[in-house]
Protein chains: 2
Amino acid sequence: MTPTVNPDRLWQSILDIAAIGPTPEGGSCRLALTHEDTEARALFLRWCHDLNLHHEQDAIGNMFLRREGSDPTAGAVAFGSHLDTVPTGGRFDGIFGVLTGLEIMCALHDAGHRTRAPLELVNWMNEEGSRFRPAMMGSRVHAGDMALEAALAITDDSGITVAGALKTSGQAGGLTPSPRGWACWLEAHIEQGPVMEATNTDIGIVTGTMHARYFQLVVTGEPSHVGPTTMDRRRDSLAAAAEVILAVERIALAAEPGGRASASWIENYPNARGNVSNVTRLHCDVRHDRAADAIAMEASLRTALDEIAARRQVRIDVDPYATFGPVHFDQNLCNLLRRKAENRQLSTRDMTAAAGHDSVLIAPLCPSAMLFIPSVGGITHNPKEYSTKEQVALGAQVMLDAVLDLAG
Amino acid sequence: MTPTVNPDRLWQSILDIAAIGPTPEGGSCRLALTHEDTEARALFLRWCHDLNLHHEQDAIGNMFLRREGSDPTAGAVAFGSHLDTVPTGGRFDGIFGVLTGLEIMCALHDAGHRTRAPLELVNWMNEEGSRFRPAMMGSRVHAGDMALEAALAITDDSGITVAGALKTSGQAGGLTPSPRGWACWLEAHIEQGPVMEATNTDIGIVTGTMHARYFQLVVTGEPSHVGPTTMDRRRDSLAAAAEVILAVERIALAAEPGGRASASWIENYPNARGNVSNVTRLHCDVRHDRAADAIAMEASLRTALDEIAARRQVRIDVDPYATFGPVHFDQNLCNLLRRKAENRQLSTRDMTAAAGHDSVLIAPLCPSAMLFIPSVGGITHNPKEYSTKEQVALGAQVMLDAVLDLAG
C-alpha cells in the first residue's frame, strides 16, 4: 500500500488546532508560550503519542517527534514548522507545515511503511516573534544563531521573560538546544502573498528568502505641556516618530518591487493627553530580494533618522538587533520538490520568501528547502487567511512524496 | 497684626508634597487617585486639621476645607487648585495654587484674623486628565458640565473605573457634587510658558483662556504580514496615524501665534513586529485664543482626516469628547489682583491661559479669576518645572491681599 495523505483528516486537524485561541473573526490568537499555545502543543502531542512517535523537547521549547527508520546510522529527514500565531493570526500560517508533517506520519502509520532513515517532525518555539522578539527564536537558538541564555532573558511587553513563560507553561524541555545531525530539512508553508493565485500555481518551490534587517529605535525628546508650549519650543518624540514611520514607508516604496519595509510596533511615553511626548520607541524592518539593496535601504533609513533628529532636536538611538537571510535553499531539494509536484501534474513556480521562516535558520545546518501552497487573496496574518482543502492536501502529498524519496 | 505669608513655610510645604511620588529627575508623578495622590491628599488634610479647617468631600473626590467667617449669611471666598500631576510632572503645577491657599489659611491663623466672609480652600480631583479623561474632571462634575454617573464610569488605560479608583483610595466623599454658593473664586498657578520671564513680569493677571477642543480618533485598516504584503496592498493604520500626527502639527503651525495643537496619546493594535497594524487610536487637541479659529482648526483637521482615510483606504472615526473655554474672567477680580500686585510694587501683565484649569469650569458659577507666577525657562509638565521661592511667596502674598479685600 503506497502511503497517501488523507485530506479529510489533515483538514480536520487544522480546524481542531484553530479552535484553540479562536478570534471572533474566525482566526486564531496563540502567542508563543501563552495558555493557548500550550494547549495546542498538548493536543499536537496527544496525536503524536497515538502514532508512537518519540517525543523530545529542548530547553527553549522546541518539540521533536521522531519516527525511527530501519537504518540506525542514517541521519533523519526532518520537517515541520510552528503552531504559534500573531495576535491577528489565521489558521494556516505555520500550522499547515506542522500538521502536514503529522499527516505524513499518519499516512506512513496507516500504510505500515517503515522508512530507511528516521523522520523527525518539529514544532519550533516562537516563530512569530509577536510576544518575544526576535522572530524564529526557537530555531535561532537551535542553530546557535542566538545563545540560549540571551533568549531566556528576553521579556515581553509586560516584563515576563522567556524563561518565566517556559516555566509557567511547562514547555522547557531537558535537551540542550543544538543541531541534531539531520540529513535534510523540509518546510511546507502557505505563500502569504498573491503571486501563486494570480499565476495559477499549485506548488511554489521556494529557492531562497529575502534579506531582512530589524531595528528598534528610541526617540528621545523633552516633556512639556500641550497648551502653553508654543510649537517652536517642542521636542515632541511622537511627532518625530511619526516622521520616521512615514520615512520607512517612503524607503519601501522607492525600493519596490523587490523591497518592503514596515514600522509596526510603537510605545510612547508618557502617552498622556496633556503632555508633549518625550520617549517614543518604534520597531521597524527593511527587507529586499537582494542583500545589497536591503543594506542600502538601511542606509537611507539612517540618513532620514539623522535628518529628523537634527531638525527636531531629538535623539534617535538605533538598535539593529536582528537580521535574517538572504538564504539560498538547496538546489537538489528544490529540484526534488519540483519533480514530485510535476509527477502529480501540478504546476510549479520558483519563488523567494519575503517572510522569515524557521528554514532560514536551519539552512546553514543541513540541505534545506521549502514548499508553498497558495493563499486565497494573498491574505495573511489576518483571520481571513485561507487555503482550500484541496490546496492543503496537494501540498501535503508532494511533501510526503519527497520525504519517501529522501528517507527510502 | 497684618496677615503675611511665610515664604519658608510655603516653600517647605511644596517640597514636602513633591516628596510624595518623586521621580528620578526631581519631579513628581501623582496621577489622580493613585496611591501617591492619596498620600498627598492625606498630608494636605493633616495640615488643614491643624488649622481647624472644616473638611467636606464630594462623591467625585473634590476636597473642600472651610474657615468660617463672622457673617453667617455671606457667600464664601473660595480658592485652590489641584495636587495631582501628569506622569512627567513637576513640583508646582497645581500644587502652588493649593498650597498658596493653605498658606493663606496659615497666615490668617497666625494673625488671629477672622474674616467677615467664610473662606473655602479646594483641591480638585483629576485636573490633569492623564489617567482619566477628560481633564478638570472634578471641577467639571462640580459645575454640572459632566454628570457624576458619566464620570464615575470612565476607565483608565488599564480598565479601572473612576468609581473603582475612588473606592480603592477612600476618596469618595458624602457630598453630592454641586455649586456651593461661593461669592467668588480665585486660582493661583504657574504660567507654564516663557512670556513672564521674557518680559520681567512678576504677576500675570489671567483675563481668560483659550478655546480647546479634544478628540479621540480611531483609525481602522486591515491586518497583514509585513513581509509578503506588497506596499500597495497595505491598509496600515499606524502609517495613517503617523500622517494624522503630522497633520495636527501642520495645522498648529499654520494657526500660530494664537493656535496650538497636539497628538500626545497613541494605542496601536496588534502592535506586533510581524504585522501591519490595523487599529490605531490617537488623542489630539486643537486650541486657539479665538474660538472661531479653534473651530476652523478642527475643520482643517477633519478635511485632513478625510483625505488620509480616502487615500489609504482606512476608516477614521472621530469622537470630539470634550472642549473647554473660551472663558473671560471677571473684570473686577482681575482689576483687584492687578491693584494688589501694584500696591506691592510688582509688575503685572494681562495674559490668556493656554492650558485648561479648574477655573474654566468655575467661571460660569461665580465671579472668577486667576493669577500667574513665572515659570523658569517656561518649562512645565517636566521634572525641571521651577519657580523661585521669591516668585512663589510674592504670588501667595498678592493672593492673600486679594482674599483679605474680598472677605473683609
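This passage describes the domains of chain A, the relation between chains A and B, and the surroundings of Pro134(B) in a predicted model. Residues are numbered from 1 along each chain as its sequence is written, and chains are lettered from A in the order in which they are written. Local features need pLDDT of at least 70 and side-chain atom pairs pLDDT 80 or more, whereas totals for chains, interfaces and linings use all residues.

Chain A is assigned domain 1 (7–210 + 326–407) and domain 2 (211–324); such bounds come from an automatic or database domain assignment. The centres of the two domains of chain A, taken over C-alpha atoms, are 33 Å apart.

Two copies of a chain are related by a rotation about an axis and a shift along it. A turn of 180° and a shift of 0.0 Å along the axis lay chain A on chain B with an RMSD of 0.1 Å, where the superposition is by least squares on the C-alpha atoms of residues with pLDDT of at least 70 in both copies. The two copies are thus related as by a two-fold rotation axis. In chain A, Ala242(A) has the C-alpha nearest this axis, at 2.2 Å.

In chain B, Pro134(B) is found in the loop between β4 (119–123) and α4 (137–142); helices (H or I, at least four residues) and strands (E, at least two) are DSSP runs, numbered from the N terminus. Pro134(B) counts as partly exposed because it has 19 C-beta neighbours inside 10 Å (buried: 20 or more other C-beta atoms within 10 Å; exposed: 12 or fewer; partly exposed: in between; C-beta atoms are placed from the backbone). The C-alpha atoms of Pro134(B) and Arg315(B) are separated by 24 Å.
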